[in-house]
Amino acid sequence: MSAGNRNDVAPATVSVALREEGVEVEYLDGRVTFYHGVPQRVEGTLTTPPGKEVHVLVTDPTETEGVLLYVNDLKTHDEILEDTGVGRVVLDEGDEEELFPGVTARRPGGQRTEIEADPAVAGGRVFVFAEDDWSEASYEFVAADGESADDDAEGGDSSGDRDSDADGDE
C-alpha cells in the first residue's frame, strides 16, 4: 500500500520514556525526540484534522520500549526511517490497515486520518501525535471506562513543538 515515491517501512523497537511533561522517544541512531504536553485522553476512534502528520506510538507493558509508526509521511526517506527504527505506512483514500494488534488506521477522505485503538488488545499504551508546521496535538487511547494503562497521566491538551524529528526537519 504505497503512494508516490515512498514505501511502507517496518518499525523496530525504540526506547520510550513517559515523563510528566510529555513523551520522549530515543531512535536507534541515538537521537531523541520529545512530544511535549500531557496527551488528551480519547476512547475508541480519533479522527485527525486534515493535512496533519500522524505518528502512532505503542509501548510495551513496561512502558520503556515501543514501536513508532508514521502514517502517510511522504517526506522522510526510507533509509532514514530504517536507521531510526521508525516505521511508515502509506494509505490511499479509503484504505484501512491494522498497524499493530488492536490499532487500525484509515484514510476516510479529506486528508484526514482515523485511528482506532483498544489499549487492552495492544498490550501497552497507545499514543497518537498529530502535527503540522503550526501545531502539535497529543492523544492517548484509554479503555472505555476512561482508565489508561498507567493512570498517572492526566488528560489535557498538549502544546509546543517537538525538539527534533527523525527526518531532521526540526
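I take buried to mean under 20% relative accessible area. At 18%, Glu114 therefore counts as buried. The model I am reading is predicted.

**Entry 1. Overall counts**

I began with the secondary structure and found two helices and 13 strands in the protein. I then looked up burial: 49% of the 170 residues are buried. For the surface I noted about 7800 Å² exposed, with carbon and sulfur atoms supplying 44% of that area. I also checked how far along the chain the contacts reach. Of the contacts between residues at least 6 apart in sequence, 60% join residues at least 24 apart.

**Entry 2. Salt bridges**

I counted 11 salt bridges in the structure. I wrote down three of them.

- Glu114 pairs with Arg106 through their side chains, at 2.9 Å from N to O. Arg106 is buried at a relative accessible area of 19%, and Glu114 is buried at 18%.
- Arg31 pairs with Asp29 at 3.1 Å, N to O. Arg31 is partly exposed at 33%, and Asp29 is partly exposed at 38%.
- Glu24 pairs with Arg19 at 3.2 Å, N to O. I have Glu24 as partly exposed at 21% and Arg19 as partly exposed at 41%.

The 21% of Glu24 needed a check against the cut-off. Buried requires a value under 20%, so Glu24 at 21% goes down as partly exposed.

Which residues are linked with Arg106 in a network of salt bridges? I found Glu96, Glu114 and Glu116 there, joined with Arg106 in one network.

**Entry 3. Arg88**

Next I looked at Arg88, which sits in strand β8, residues 87-89. Is Arg88 buried or exposed? Its relative accessible area is 1%, so I list Arg88 as buried.

I then asked what its side chain meets. A polar atom of the Arg88 side chain lies 2.6 Å from the backbone oxygen of Thr76. The side chain of Asp78 makes a polar contact with the side chain of Arg88 at 2.2 Å.

Leaving out residues up to four places away in sequence, I listed what Arg88 touches; among them are Arg6, Asn7, Asp8 and Val9. The list also includes Leu69, Tyr70, Asp73, His77 and Leu81. Thr76 and Asp78, the partners noted above, are in the list too.

**Entry 4. Val16**

I moved to strand β1, residues 13-19, which holds Val16. Val16 is buried, with a relative accessible area of 7%. Not counting residues up to four places away in sequence, Val16 touches Val23, Glu24, Leu57 and Thr59, and also Glu63, Thr64, Glu65 and Gly66. Glu24 is the residue that I had already entered as a salt-bridge partner of Arg19.

I also took one C-alpha distance. Val16 and Val32 are 16 residues apart along the chain, and their C-alpha atoms are separated by 9.6 Å.

**Entry 5. Positive phi**

I looked at phi because most residues other than glycine have a negative value. I noted two residues with a positive one.

Asn72 has a positive phi of about 65° and is not a glycine. Asn72 is found in the loop between β7 (65-71) and α1 (78-84). At 19% relative accessibility, Asn72 counts as buried.

Gln111 has a positive phi near 55°. Where does Gln111 lie? I placed Gln111 in the loop between β10 (103-109) and β11 (112-117). Gln111 is exposed, with a relative accessible area of 53%.

**Entry 6. Aromatic pairs**

I counted two aromatic pairs. Tyr35 and Phe129 form a stacked pair, 3.7 Å centre to centre with 10° between the planes. Tyr35 lies in strand β3 (residues 32-36) and Phe129 in strand β12 (residues 126-131), so this pair ties together parts that are 94 residues apart in sequence. Tyr35 is buried at 0%, and Phe129 is buried at 0% as well.

Phe127 and Phe129 form a stacked pair, 6.3 Å centre to centre with 5° between the planes. The planes count as stacked because they are under 30 degrees apart. Phe127 is buried, as is Phe129.

Which residues make up the aromatic cluster? I entered Tyr35, Phe127 and Phe129 as one cluster.

Technical notes:
Residues are numbered from 1 along each chain as its sequence is written. This is a predicted model: local features need pLDDT of at least 70, side-chain atom pairs count only at pLDDT 80 or more; totals for chains, interfaces and linings use all residues. Side-chain values use heavy atoms; hydrogens and water are left out. Helices (H or I, at least four residues) and strands (E, at least two) are DSSP runs, numbered from the N terminus. Buried means under 20% relative accessible area, exposed over 50%, partly exposed in between (1.4 Å probe, protein chains only). Contact means heavy atoms within 4.5 Å. Accessible areas come from the Shrake-Rupley method with a 1.4 Å probe; for residues, only the protein chains shown count as cover. A polar contact is a pair of N or O atoms within 3.5 Å; within protein, one must be able to donate a hydrogen and the other to accept it, and residues adjacent in sequence count only if both atoms are side-chain atoms. A salt bridge is a side-chain nitrogen of Lys or Arg within 4 Å of a carboxyl oxygen of Asp or Glu. Rings of Phe, Tyr and Trp (its six-membered ring) pair if their centres lie within 6.5 Å; planes under 30 degrees apart count as stacked, over 60 as edge-to-face and the rest as tilted.
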